[in-house]
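User: Hi! I am new to reading protein structures and would like to learn with an example. Could you walk me through it, feature by feature?

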Amino acid sequence: MCHADRINDHRARDEIGGAARLVADAVGFIAGPGEQTHRAISDLVFTALGPAAGPARVGHNAISSISYRAVRATAVLAGEAVAVASTLAGTERPLLDRSSPGSGVVAAVNGLLGDRLAAQGNDLDLGMTLRHDGRDLRLSTEALRAAYPTSSGHLVLLMPGLGETEHAWRFRGSRREPADPDYGARLAADLGATPLYLRYNTGRPLATNAEALSELLESLLECWPVPVRRIDLIGHSMGGLVSRLACASGVARDARWPELVRHVVYLGSPHAGASLAKGAAMLAGLLSARPSTKAWGEFLDLRSAGIQDLSAGVPLASCTPLASARHHTVVAELTHSERHPVGRLLGDLMVRSVSADVGVGDTLRIAPAHHLDLLNHPRVYPALRDWLDDGDRSLCS
């Protein structure tokens with residue numbers, strides 16, 4: 001019997017109001033470094049002018065302080081006004097993430113500031129849900145049976161990366177064929193598996209999302225319309241790290257679902273850290289070292305916990321891959337040759353090959369290709385199909 005009944009209900013969310021409050025916060029974020037930089041530069045000027053400039057300096061500092069406070073206050077009032085107006089507009093509120101472009105914007109905001117959104121209770125916080133037909137899916141047997149009338153006992157969970165949604169799996173698909181299916185749809189057709197698509201707040205700490213995923217999968221076992229006999233996990237970038245940590249979390253909590261995991265696939269996952277995230281951390285450190293740019297370094301350090309976690313990745317020593325599962329890695333590089341210095345240095349533009357290799361199981365190199373190509377690549381799917389095809393079609397009934 002299913003006792004779980006969980007969802008982030010879109011009807012209860014005010015995304016317009018959440019966006020208005022976020023914009024107000026953003027103005028405050030920028031005003032702070034702007035004021036500190038302004039003050040640092042003006043102090044240099046007045047110091048150079050000497051004691052005679054003292055009265056002018058006091059007046060200048062007072063006026064600039066009042067001006068920046070006014071900017072912050074105006075932004076907060078405007079944001080609250082829009083949020084209140086949105087609340088009073090009626091029960092049917094426009095949702096930013098119902099369309100692919102709108103959901104991309106909301107997901108990107110979650111990637112950048114997701115931990116802050118969650119802490120504030122902002123309605124833009126995506127939390128963690130399964131998606132079906134453009135909506136969050138309620139975890140109840142009735143809702144799952146209606147969504148998947150031909151559900152099988154073989155589940156394939158597709159987990160996107162930082163700032164991505166379930167729409168990311170169709171990356172560039174329309175450039176080949178208008179109805180080009182994604183990995184999940186093709187695995188359903190070829191292996192009889194039931195694909196599930198995860199959407200989550202990628203700005204939260206990796207460990208937080210991993211625990212949430214473990215709880216979600218355990219709830220899913222209770223509610224799935226037929227007995228679940230097998231689970232396969234496919235994660236792009238951050239999604240692969242979340243899946244690895246979720247397996248460890250599930251084992252530590254003695255959950256049932258890790259025992260059912262047969263394959264884990266990592267598509268460009270930065271196990272040893274992402275180059276781009278490391279670059280952002282270095283830039284923040286450089287800016288913080290100078291008085292005139294220190295505030296901007298602190299501003300850059302406001303990037304989400306999820307992005308900061310990507311800088312270090314998830315060391316294998318601290319979280320070994322699930323021993324009972326088979327592991328498969330797909331690595332992308334910009335250059336044909338594995339020895340080319342550009343490919344070795346830049347990897348797929350975001351993750352270097354040495355970081356993307358989990359160190360166990362199979363490894364497939366795709367080149368020339370970049371990080372996002374792995375979401376929908378003609379050479380990746382045949383490998384997925386072969387890896388996940390254990391020849392046991394009895395799981396699909």
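User: Let's begin with pockets. How much space lies in the second largest pocket?

Analyst: Happy to help! Keep in mind that this is a predicted model. The second largest pocket holds about 430 Å³ of space.

User: Which residues lie nearest the centre of the second largest pocket?

Analyst: A pocket is described by the residues that line it, and here there are 18 of them. Nearest the centre are R131, H132, D133, D182 and Y197. You can also sort the lining by class: seven residues are nonpolar, six are polar and five are charged.

User: Which strand gives the most to this lining?

Analyst: That is β4, with three residues. Both β1 and β4 (194-200) supply at least two residues each.

User: R131 caught my eye. What does R131 form a salt bridge with?

Analyst: Its partner is E166, and the closest N and O atoms are 3.2 Å apart. To read a salt bridge, look for a side-chain nitrogen of Lys or Arg within 4 Å of a carboxyl oxygen of Asp or Glu. Next, ask where the partners sit. R131 is in strand β1 (residues 128-132), while E166 is in the loop between β3 (154-159) and α5 (183-191), so the salt bridge ties together parts that are 35 residues apart in sequence.

User: Are R131 and E166 buried or exposed?

Analyst: Both R131 and E166 are buried.

User: How many salt bridges does the structure hold?

Analyst: There are 11. One of them joins R365 and E333, with the closest N and O atoms 2.6 Å apart. This pair also links distant parts of the chain, 32 residues apart: R365 belongs to strand β8 (residues 362-366), and E333 to the loop between β7 (326-332) and α11 (341-346). Here the burial differs within the pair. Because buried means under 20% relative accessible area, E333 counts as buried at 5%, whereas R365 counts as partly exposed at 22%.

User: Which residues are linked in a network of salt bridges?

Analyst: Those are R230, D232, R262, R326 and D390.

User: Now the surface. Which residues make the nonpolar surface patch?

Analyst: V342, L345, L346, L349 and M350 make a nonpolar patch of about 430 Å². M350 sits in the loop between α11 and α12 (353-356), and at 32% relative accessibility M350 counts as partly exposed. L349 is found in the loop between α11 and α12 too.

User: What is phi of L349 near?

Analyst: A good one to ask about! Most residues other than glycine have a negative phi. L349 has a positive value, near 90 degrees, and is not a glycine. S237 is another non-glycine residue with a positive phi, of about 55 degrees. S237 lies in the loop between β5 and α7 and counts as buried at 7% relative accessibility.

User: Where is H236?

Analyst: H236 is in strand β5 (residues 230-236), and at 0% relative accessibility H236 counts as buried. You can also check distances across the fold: H236 and P270 are 34 residues apart along the chain, and their C-alpha atoms are separated by 9.7 Å.

User: One last feature, the peptide bond. Which residues does a cis peptide bond join?

Analyst: The general idea is that most peptide bonds are trans. In this structure, a cis peptide bond joins A367 and P368, with omega about -5 degrees. To find the spot, look for P368 in the loop between β8 and α13 (380-388).

Technical notes:
Residues numbered from 1 in each chain as written. Predicted model: local features only at pLDDT ≥ 70, side-chain atom pairs only at ≥ 80, totals over all residues. Heavy atoms only, no water. Helix = DSSP H or I, 4+ residues; strand = E, 2+ residues; numbered from the N terminus. Buried < 20%, exposed > 50% of the residue type's maximum accessible area, 1.4 Å probe, protein only. Patch = residues over 30% accessible without salt bridge, like charges linked within 9 Å, V, L, I, M, F, W, Y side chains within 5 Å. Areas by Shrake-Rupley, 256 points an atom, 1.4 Å probe, with all protein chains shown as cover. 1 Å grid on protein atoms, 1.4 Å probe; cavity = no way out; pocket = protein on both sides within 12 Å on 5 of 7 lines; lining within 4 Å. Points joined across faces, edges and corners; volume = space filled by probe spheres on them. Nonpolar A, V, L, I, M, F, W, Y, C, P; charged D, E, K, R; others polar.
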